[in-house]
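Take a walk through this protein with the structure open beside you. Find each residue as its name comes up.

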Amino acid sequence: MMLQSLFSPQSRPRVPPPSEFAPVSSPIRVCHLGKYYSPAHGGIERTVRSLAHAQARIGCSVRVICMDHERGRATRVEQDGPVEVVRLRRAASFCKIDHCPDLLRVLRDSEADLLHLHTPNPSMILGLMFSGDRRPLVVSHHSDVIKQRLRHLLFGPFERACCDRARLVLAMSPPYVAGSALLRRCTDRVAVLPIGLELAPFLDPSPEVVAHRDLLRRTYPGPLWFFCGRLVYYKGLETALHALRSVPGTLLIAGDGPARTHLEHFAARLDLKDRVRLLGKIPRDEDLAAYYLAAHAFWFPSNARSEAYGLVQVEAMASGCPVINAAIPHSGVPWVSRHEETGLTVPVDDPAAFAAAARRLLEEPGLRDRLAAGARARAIAEFQCEAMGRRSLALYSATLAAVAARRDSGHGGQSAILEGPES
């Protein structure tokens with residue numbers, strides 16, 4: 001049985017290769033419950049879109065229900081290619097929880113074989129629980145709430161109740177499971193579904209992107225180092241700036257966020273103002289690809305489990321840009337880009353080690369080329385959205401089959417739907 005093989009104690013939480021999964025025999029109707037959706041920016045938003053499109057291409061009927069990222073607009077239905085998107089009007093907000101009056105109606109009217117909820121997502125969790133909907137529920141747990149302790153204390157019971165209700169709980173990487181109290185609570189129902197992306201812009205850059213790469217190399221003194229992400233506390237960019245004092249070249253920082261002003265002042269205090277460029281947001285993948293191609297390495301010094309995965313690492317790897325990251329305990333970051341395979345991993349918050357890794361890439365013959373080739377190979381094998389789509393549908397099929405088998409045998413309830421050898 002597929003569920004038994006995936007979730008038995010001997011194999012948990014293995015990541016099944018895409019080749020293990022045959023195409024689904026009949027179309028599955030899936031309804032994703034997200035927070036926002038493209039063009040809203042964010043890791044979860046991007047993941048939901050990639051997953052929805054990958055599933056639709058395989059033959060699923062896919063709908064996404066989300067809150068509208070812009071206020072003041074009525075609930076409406078849009079078409080994003082093969083994916084139907086329902087954007088809910090936000091009538092009010094309290095403690096970052098949105099009230100969407102149309103949620104229960106839209107949820108009730110959605111024809112779906114299963115619901116796929118993406119968390120953390122307090123608004124959708126509350127709406128789902130109040131709806132009383134009993135369709136099979138799959139939860140993708142993208143990250144724990146790390147810093148917002150009050151929010152975690154108040155909302156934790158609802159999140160735990162939601163996971164208890166779920167038939168299947170998905171983590172993004174194996175290391176994250178051991179560090180998450182929520183995932184450890186339901187290990188008998190946890191599987192790993194690595195995030196995949198549309199990698200074409202990075203694997204096969206256009207002539208315009210290559211020309212942009214060449215312009216970047218002419219514009220900034222090399223070697224070039226690149227970072228991309230939201231400028232927040234856990235990105236560890238102070239470590240990167242300290243490391244830059246011991247490494248030649250220019251650090252290009254793409255992104256925006258509340259830490260931007262602090263980073264500007266910090267770079268000035270370290271006398272790095274002429275060697276650091278804060279570029280702001282770079283919205284298009286095609287534009288980002290030029291920076292990965294131009295860089296000698298991608299710097300990713302994030303230092304806390306708030307960084308659960310590091311999706312930008314996949315973009316860098318697909319571009320053939322080695323990654324320097326940090327060994328965050330129980331985070332997927334060093335699992336996505338592996339030490340000495342796709343990049344170099346150093347201790348958390350260690351500028352000297354970070355600088356030493358960068359110098360290795362400059363000085364050790366053949367090292368950068370070997371890591372660049374390994375990065376592209378791992379991105380292609382594990383992190384394309386098609387692999388994520390095939391894996392997800394196999395997990396859905398197994399979950400629905402287990403639910404049907406228990407119903408046919410007269411067993412109700414949640415317990416033991418994923419029966420392993422020791423259940």
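Start at Pro120, in the loop between strand E7 (114-119) and helix H4 (122-131). Look at the bond that leads into this residue. The peptide bond from Thr119 to Pro120 is cis, with omega near 10°. Most peptide bonds are trans. Now go to a second cis bond, the one between Ser38 and Pro39, where omega is about 20°. Pro39 also sits in a loop, the one between strand E1 (29-33) and helix H2 (43-58).

Keep in mind that this model is predicted. How confident is the predictor? The average pLDDT for the protein is 89, and 89% of the residues score at least 70. Some stretches fall well outside that picture. Residues 19-24 have a pLDDT below 50, and the model gives this stretch nine contacts beyond near neighbours in sequence. Residues 413-423 also stay under 50. For residues 413-423 the model has 26 contacts beyond four places in sequence.

From the loop of Pro39, move on into helix H2, where you will find His53. Is His53 buried or exposed? His53 counts as buried because its relative accessible area is 11%, under the 20% cut-off. What does His53 touch, apart from its neighbours within four places in sequence? Its contacts are Tyr37, Asp80, Pro82 and Val83.

Backbone angles can stand out too. Most residues other than glycine have a negative phi. His330 has a positive phi, near 55°. His330 lies in the loop between strand E15 (323-326) and helix H14 (333-336). Its relative accessible area is 39%, so His330 is partly exposed. Asp349 also has a positive phi, near 55°. Its place is the loop between strand E16 (343-346) and H15. With a relative accessible area of 44%, Asp349 is partly exposed.

Stay with Asp349 and look for its partner. Which side chain makes a polar contact with the side chain of Asp349? It is the side chain of Thr239, at 3.5 Å. Thr239 belongs to helix H10 (residues 237-244). At 8% relative accessible area, Thr239 is buried, whereas Asp349 is partly exposed. Thr239 has further contacts beyond four places in sequence. Its list reads Pro301, Asp349, Asp350 and Pro351.

Now follow the chain into helix H15 (residues 351-363), which holds Arg360. Arg360 has a relative accessible area of 27%, so this residue is partly exposed. Beyond four places in sequence, Arg360 is in contact with Glu340, Leu344 and Leu367. Take Leu344 from that list. Arg360 and Leu344 are 16 residues apart in sequence. In space, their C-alpha atoms are 9.4 Å apart.

Next come the aromatic rings. A pair of aromatic rings is described by the distance of the centres and the angle of the planes. How many aromatic pairs does a search of the whole structure find? It finds eleven. One of them joins Phe226 and Tyr292, with 5.3 Å from centre to centre and 80° between the planes. This pair counts as edge-to-face because its planes are over 60 degrees apart. The two rings come from distant parts of the chain, 66 residues apart. Phe226 is in strand E11 (residues 224-228), and Tyr292 is in helix H12 (residues 285-294). Both residues are buried. They also belong to a cluster linked by ring pairs. Its members are Phe202, Phe226, Tyr291, Tyr292, Phe298 and Phe300.

Charged side chains can sit over rings as well. Arg305 lies over the face of Tyr176, at 4.0 Å from the ring centre. Over the ring of Trp335 sits the charged end of Arg378, 5.1 Å from the centre.

Finish with the cysteines. Cys31 is buried, because its relative accessibility is 1%. Cys228 is buried too, because its relative accessibility is 12%. How many disulfides are there, if two cysteine sulfur atoms must lie within 2.5 Å? By this rule the count is zero.

Note on methods:
Residues numbered from 1 in each chain as written. Heavy atoms only, no water. Helix = DSSP H or I, 4+ residues; strand = E, 2+ residues; numbered from the N terminus. Buried < 20%, exposed > 50% of the residue type's maximum accessible area, 1.4 Å probe, protein only. Contact = heavy atoms within 4.5 Å. Disulfide = S-S within 2.5 Å. pLDDT = per-residue confidence, 0-100. Phe/Tyr/Trp six-rings, centres within 6.5 Å; stacked < 30°, edge-to-face > 60°. Lys NZ or Arg CZ within 6 Å of the ring centre and 35° of its normal. Polar contact = N/O pair within 3.5 Å; in protein donor to acceptor, adjacent residues only side chain to side chain.
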